[in-house]
Amino acid sequence: MSNVATPIRRVDRELETIALTQASWRVCDARLPDDDGTRLLAYVEQIDDHVETLWMWPNAGECTTTASLDLALSAILERLLARRILLEAS
């Protein structure tokens, strides 16, 4: 995936990915309303040849590194699905 943030806003069934700059994105749970504070999942930034993810859930401030935006979004989706399973179980 290129460093250019296109499309500016991408929404699929699970994730809403909003470009903040040419190389950074905010990723939210697309199923939650805009005013839900738990909607924000992570901030993602392309830095040189890797992508850094700053998690906002479950451990705000945790950072991970992946090779691409697609891999970062996959990791975010995995955590989102895990969160939904936890919520449904409780």
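Which residue in strand 6 is the bridge partner of Val51? The tour below reaches the answer by way of strands 4 and 5. The model on screen is predicted.

Start by selecting residues 40-47, which make up strand 4. Add residues 50-55, strand 5. Strands 4 and 5 are paired in the antiparallel sense, over six bridges. To look at one of these pairings, pick Val44, whose bridge partner in strand 5 is Thr53.

Now move to the turn. Strand 4 and strand 5 form a hairpin, with two residues between them. Select Asp48 in this turn: Asp48 has a positive phi of about 55 degrees.

Next, show the side chains of strand 5, which alternate along the strand. Val51, Thr53 and Trp55 point to one face and are buried. His50, Glu52 and Leu54 point to the other face and are not buried.

Keep strand 5 displayed and add residues 63-66, strand 6. Strand 5 pairs with strand 6 in the antiparallel sense too, here over four bridges. The opening question is settled here: the bridge partner of Val51 in strand 6 is Thr66.

Finally, select residues 69-89, helix 1. At 1.5 Å a residue, its 21 residues should span 30 Å, and the end C-alpha atoms are 30 Å apart, which agrees. Colour Leu69, Ala72, Leu73, Ile76, Leu80, Arg83 and Arg84, which are buried. Looking down the axis of helix 1, the buried residues fall within an arc of 115 degrees, so they line one face of the helix. Then turn to the face directed away from the buried side of helix 1, where Glu78, Ile85, Leu86 and Ala89 are exposed.

Definitions and conventions
Residues numbered from 1 in each chain as written. Predicted model: local features only at pLDDT ≥ 70, side-chain atom pairs only at ≥ 80, totals over all residues. Heavy atoms only, no water. Expected span 1.5 Å × (residues − 1). Buried < 20%, exposed > 50% of the residue type's maximum accessible area, 1.4 Å probe, protein only. Arc of directions from axis to C-beta. Pairing = 2+ DSSP bridges.
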